[in-house]
Amino acid sequence: MNAFLFSNEELTMRLRQVGELRYHDKHPYHVRMHEGKLSPEQLRAWVANRFYYQKNIPVKDALILSKLPTREDRRKWIQRIMDHDGTTGNEGGIEAWIRLGEAVGIPREEMLDERHVLPGVRFAVDAYVNFCRNQPWLVAVASSLTEMFAPILISHRIAVFEQLYPWIQPEGLEYFQSRLHQAPRDADHGLELVLRECKDRRDQDQTIAALHFKCDVLWALLDTLSLAFPNMEDER
Ligand SMILES: O=C(O)c1cc(C(=O)O)c2c(n1)C(=O)C(=O)c1cc(C(=O)O)[nH]c1-2
């Protein structure tokens, strides 16, 4: 069976290919965002619904943390939870996302009580958390590897928000600024674990499938938003 094992380079390339084909930067909702074409209502809907993803990230990271085999692995992974939940002196990513909400005009309590979260978004995000709960840690870690593709998208998003959505208060963009250094670090660690732990071709295929699944989660989130907040041209 190991005669068919991919080299580390080949596996890395195949994981990257999943992103090239299926990452959510190619979804029409994102494409329109980056063309400056989302209405304030559509952009607010994206921020309020993505909050449900953001608040669940440290939950799924805690599930993965509980399965990691060594202290060294857990010490690195725990940083993700601190990045999102915050620590003394650093409010963390969830708070930063709430401030992004305020910067686009969503009151804090409306983010916290989840009144804008659509059922399909809830199902997609819950599926991701349950995937990480139920799958072996190698597979769950592989599903986080969309972070390999996030920095380019996020750096474009910062420029797009500044230039094409000048009504957004600039303080709101701090979340994205911090992801620019956090995401590559997380992606490097996630990839290191995957390359280290894949022992046979079945493991490798499962990691590719996990990344595929995760791209579907992100895609489903945007499909749900597109249905609930269609473009005016599509309505005619
Ligand atoms: O804004 C984005 O497009 C985007 C995408 C992703 C991603 O690809 O999963 C993450 C994030 N942001 C993000 O901010 C984040 O903290 C994050 C954690 C994870 C993960 O699966 O562990 N993905 C992402």
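In this short talk I will walk through one chain, from its overall fold to a few single residues and then to the ligand. Please keep in mind throughout that we are looking at a predicted model.

Let me begin with the whole chain. It has 12 helices and zero strands, so that, read along the sequence, the pattern is simply α-α-α-α-α-α-α-α-α-α-α-α. The C-alpha atoms fill a box of roughly 55 × 45 × 30 Å, taken along the principal axes. How does the radius of gyration of the chain compare with that of a compact globule? For 236 residues, a compact globule would have a radius of gyration near 18 Å, and because the chain has 18 Å, the two agree. Of the 236 residues, 33% are buried. If we take the contacts with a separation of 6 or more, 80% of them are between residues 24 or more positions apart.

There is also a record to mention here. UniProt, in an unreviewed entry, lists residues 15–223 for "domain: Thiaminase-2/PQQC". Over that range the chain is 76% helix and 0% strand, and the C-alpha atoms at its two ends are 23 Å apart.

Now let us look at how two of the helices meet. In general, a pair of packed helices is described by the distance between the axes and the angle between them. Our example is helix H5, residues 93–104, with helix H10, residues 174–197, and their axes come within 8 Å and cross at roughly 145°. On the H5 side the contact is made by Gly93, Ala96, Trp97, Arg99 and Leu100, while H10 brings Glu174, Tyr175 and Ser178. Sorted by character, the residues of this contact divide into four nonpolar, two polar and two charged.

Staying with helix H5, I would like to point at Ile98, which lies in that helix. Is Ile98 buried or exposed? It counts as buried, because there are 23 C-beta neighbours inside 10 Å, and the cut-off for buried is 20 or more. Leaving aside neighbours within four places in sequence, Ile98 is in contact with Arg108 and Met111. In addition, Ile98 and Phe51 are 47 residues apart in sequence, and yet their C-alpha atoms are 7.7 Å apart in space.

Met111 appears again when we turn to Ala48, a residue of helix H3, which covers residues 40–65. Ala48 is in contact with Gly101, Ile106, Met111, His116 and Val117, once its neighbours within four places in sequence are set aside. Ala48 is buried, with 22 other C-beta atoms within 10 Å. Its C-alpha atom is separated by 6.8 Å from that of Gly101, although these two residues are 53 residues apart along the chain.

A further buried residue is Leu222, which has 22 other C-beta atoms within 10 Å and has its place in helix H11, residues 201–228. Which residues does Leu222 touch, not counting those up to four places away in sequence? They are His24, His27, Tyr29 and His30. From Leu222 to Asn49 the distance is 9.4 Å, C-alpha to C-alpha, with their positions 173 residues apart in sequence.

Not every residue worth pausing at is in a helix. Most residues other than glycine have a negative phi. Glu114, however, has a positive phi of about 60° although it is not a glycine. Where is Glu114 placed? It is in the loop between helix H6, residues 108–112, and helix H7, residues 119–134. Glu114 is partly exposed, with 14 other C-beta atoms within 10 Å.

Finally, let us come to the ligand. Around it are Ile57, Ser144, Thr146, Glu147, Ala150, Leu153, Ile154, Arg179 and Leu218. These residues divide into five nonpolar, two polar and two charged. Which helix gives the most to this shell? It is helix H9, residues 150–164, with three residues.

One of the residues around the ligand is Glu147, which lies in the loop between helix H8, residues 137–143, and H9. Glu147 is buried, with 20 other C-beta atoms within 10 Å, and since 20 is enough to count as buried, this residue just meets the cut-off. Apart from residues up to four places away in sequence, Glu147 touches Ala183, Asp186, Ala187 and Gly190. Glu147 and His116, in turn, are 31 residues apart in sequence and 26 Å apart in space, C-alpha to C-alpha.

Definitions and conventions. Residues are numbered from 1 along each chain as its sequence is written. This is a predicted model: local features need pLDDT of at least 70, side-chain atom pairs count only at pLDDT 80 or more; totals for chains, interfaces and linings use all residues. A residue is near a molecule or strand if its C-beta atom, placed from the backbone, lies within 6 Å of it. Helices (H or I, at least four residues) and strands (E, at least two) are DSSP runs, numbered from the N terminus. Ala, Val, Leu, Ile, Met, Phe, Trp, Tyr, Cys and Pro count as nonpolar, Asp, Glu, Lys and Arg as charged, and the others, Gly among them, as polar. Axes are lines fitted to C-alpha atoms, for helices over the stretch in contact, and angles run from 0 to 180 degrees between N-to-C directions. Two residues are in contact if their C-beta atoms, placed from the backbone, lie within 7 Å. UniProt positions are given in the numbering used here, feature names are shortened, and annotations may be inferred rather than shown by experiment. The radius of gyration is taken over C-alpha atoms; the globule rule is 2.2 Å times the number of residues to the power 0.38. A residue is buried if 20 or more other C-beta atoms lie within 10 Å of its own, exposed if 12 or fewer, and partly exposed in between; C-beta atoms are placed from the backbone.
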